[in-house]
Structure formats: C-alpha cells, structure tokens
Amino acid sequence: MMRLVAGWGFQSSAVQQSFSSCWLQVRQALSAAQVAHAHWAHALLETRAQTAAWAEFAAWAAEQTPDAELVRCKETDIQQVTTQTASTRVKQRFGCGSVSEALSLFGVETLIQKGQYAPEYIACALTVAPQTQLVLPRIVSADRHATLAIACVTGFAPASTSFETGVIS
C-alpha cells in the first residue's frame with residue numbers, strides 16, 4: 001500500500017469547500033487507486049489549530065480520509081525545506097517556498113523517524129536510506145484559501161538481494 005502525506009497550507013478563512021477543491025484536483029491528478037487505497041497522513045501547521053479553518057479541515061478530513069494520521073508541525077520545522085514551487089511572500093513569512101510542499105516533505109520525514117513509514121529501514125534491514133519525493137506539487141483551491149501538496153517515501157532497498165527459495169541446487 002502506498003503511503004502518502006498531504007501537506008496542507010490554508011488561511012484562517014478556509015472552509016470545507018476549500019479543502020474539497022484541492023482534494024478534487026488530487027483525485028484528477030492521481031489514479032483512483034492511488035487515492036482510495038493509499039495510507040494517508042495529513043501534515044498541518046499547529047499554529048492553525050487556533051483558527052476556525054482547523055475545525056473546517058477536521059470535519060472535511062473525518063469525511064474524506066477518516067483513518068488518516070495527523071502530523072502537527074511547527075513553523076520552525078519547515079524553515080529551509082527546499083520546495084519545487086516558491087512564493088516570495090511565503091518565503092519571507094515561513095522561510096520556505098511553499099508551506100504545503102514543505103509540510104508534505106517534512107511529514108514524510110517525521111513518519112520515517114517514528115518508524116511508521118519505511119519500518120524496514122528503521123529496523124536496519126535496509127542499506128539505502130528512504131527518501132522523500134514530492135508526488136504532486138502545490139495545488140491551490142478554487143477560492144485560493146487552501147493549498148495542498150502530496151509527498152511519499154521512496155528510494156530504499158533491501159540490505160541483501162539474496163533470499164531463500166527453498167530449492168537446493
């Protein structure tokens with residue numbers, strides 16, 4: 001099962017429709033199987049918890065991705081994260097080019113560290129470290145109140161390519 005992290009940037013005025021608009025674009029960009037059968041996590045700035053938009057997001061997420069894990073991030077966590085897209089205003093305010101892209105990438109890193117993504121690597125069974133990959137760069141809701149980017153873990157390989165076949169030669 002593919003493990004994906006949705007990084008969400010949003011204004012305090014965002015509503016459920018803002019999140020739905022982004023999600024619709026994800027469903028159009030990724031295959032239905034990727035969206036429906038992925039193990040989802042949502043990464044958000046914890047400073048947004050004090051806004052009305054947090055409740056709107058929570059209501060939307062409970063309906064669309066009820067089993068998704070929530071990764072709460074500090075603004076300092078995403079400073080200096082290199083992103084594919086960049087906004088001058090966001091760079092000045094948050095220290096990264098895109099909040100949603102930085103959150104998705106940082107969210108994957110956080111889950112790797114917790115041993116939830118790429119547990120084989122954490123258990124020292126892998127020689128090549130997992131990498132984060134941006135699957136879908138920042139998209140913007142129709143009302144421009146929310147942004148979303150998707151990242152995943154890739155690039156790790158088993159420590160040994162040999163395995164027991166049960167055949168004696």
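## The largest pocket

Start with the largest pocket: 19 residues line it, and Gly9, Gln11, Arg89, Val90 and Thr147 are the ones that lie nearest its centre. Several elements chip in, with β1 (3–10), α5 (88–94), α6 (99–113), β5 (131–140) and β6 (146–154) each giving two or more residues to the lining. The largest share comes from α5, which puts in 4 residues. Keep in mind as you look around that this is a predicted model.

As for room inside, the largest pocket holds about 370 Å³ of space. Its lining is a mix: 7 residues are nonpolar, 7 are polar and 5 are charged.

## The second largest pocket

Next comes the second largest pocket, with a volume of about 170 Å³. If you want to pick out its lining on the structure, look for Trp23, Arg27, Val35, Ala36, Ala38, His39, Trp40, Gln64, Thr65, Pro66, Asp67 and Ala68.

Here α1 (16–29), α2 (32–37) and β2 (39–45) supply at least two lining residues each. Sorted by class, the lining of this second largest pocket comes out at 7 nonpolar, 3 polar and 2 charged residues.

## Thr65, a residue to look at

Thr65 is part of the lining of the second largest pocket, and its place in the chain is the loop between α3 and β3 (69–73). Is Thr65 buried or exposed? Its relative accessibility is 8%, and buried means under 20%, so Thr65 counts as buried.

Which residues does Thr65 touch, leaving aside those up to four places away in sequence? They are Trp23, Trp40, His42 and Trp60. Of these, Trp23 and Trp40 also turn up in the lining of the second largest pocket.

## Aromatic rings

There's plenty to see if you colour the aromatics: a search of the whole structure turns up 10 aromatic pairs. One of them is Phe10 with Phe19, an edge-to-face pair at 5.3 Å centre to centre with 85° between the planes. Both Phe10 and Phe19 are buried.

Phe19 has another partner in Phe57, again edge-to-face, with 5.2 Å from centre to centre and 80° between the planes. This pair ties together distant parts of the chain, since Phe19 sits in helix α1 and Phe57 in helix α3 (residues 52–64), 38 residues apart. Phe57 is buried, as is Phe19.

Step back a little and these rings belong to a cluster: ring pairs link Trp8, Phe10, Phe19, Trp23, Trp40, Phe57 and Trp60. Three members of that cluster, Trp23, Trp40 and Trp60, are also among the residues that Thr65 touches.

Elsewhere, a charged side chain meets a ring: Arg93 lies over the face of Phe94, 4.3 Å from the ring centre.

## The chain as a whole

How many helices and strands does the protein chain have? There are 7 of each. Following the sequence from start to end, you'd read the pattern as β-α-α-β-α-β-α-α-α-α-β-β-β-β.

The chain has 169 residues, and 41% of them count as buried. Contacts reach far along the sequence too: among those between residues at least 6 apart, 71% join residues at least 24 apart.

Key: Residues numbered from 1 in each chain as written. Predicted model: local features only at pLDDT ≥ 70, side-chain atom pairs only at ≥ 80, totals over all residues. Heavy atoms only, no water. 1 Å grid on protein atoms, 1.4 Å probe; cavity = no way out; pocket = protein on both sides within 12 Å on 5 of 7 lines; lining within 4 Å. Points joined across faces, edges and corners; volume = space filled by probe spheres on them. Nonpolar A, V, L, I, M, F, W, Y, C, P; charged D, E, K, R; others polar. Phe/Tyr/Trp six-rings, centres within 6.5 Å; stacked < 30°, edge-to-face > 60°. Buried < 20%, exposed > 50% of the residue type's maximum accessible area, 1.4 Å probe, protein only. Lys NZ or Arg CZ within 6 Å of the ring centre and 35° of its normal. Contact = heavy atoms within 4.5 Å.
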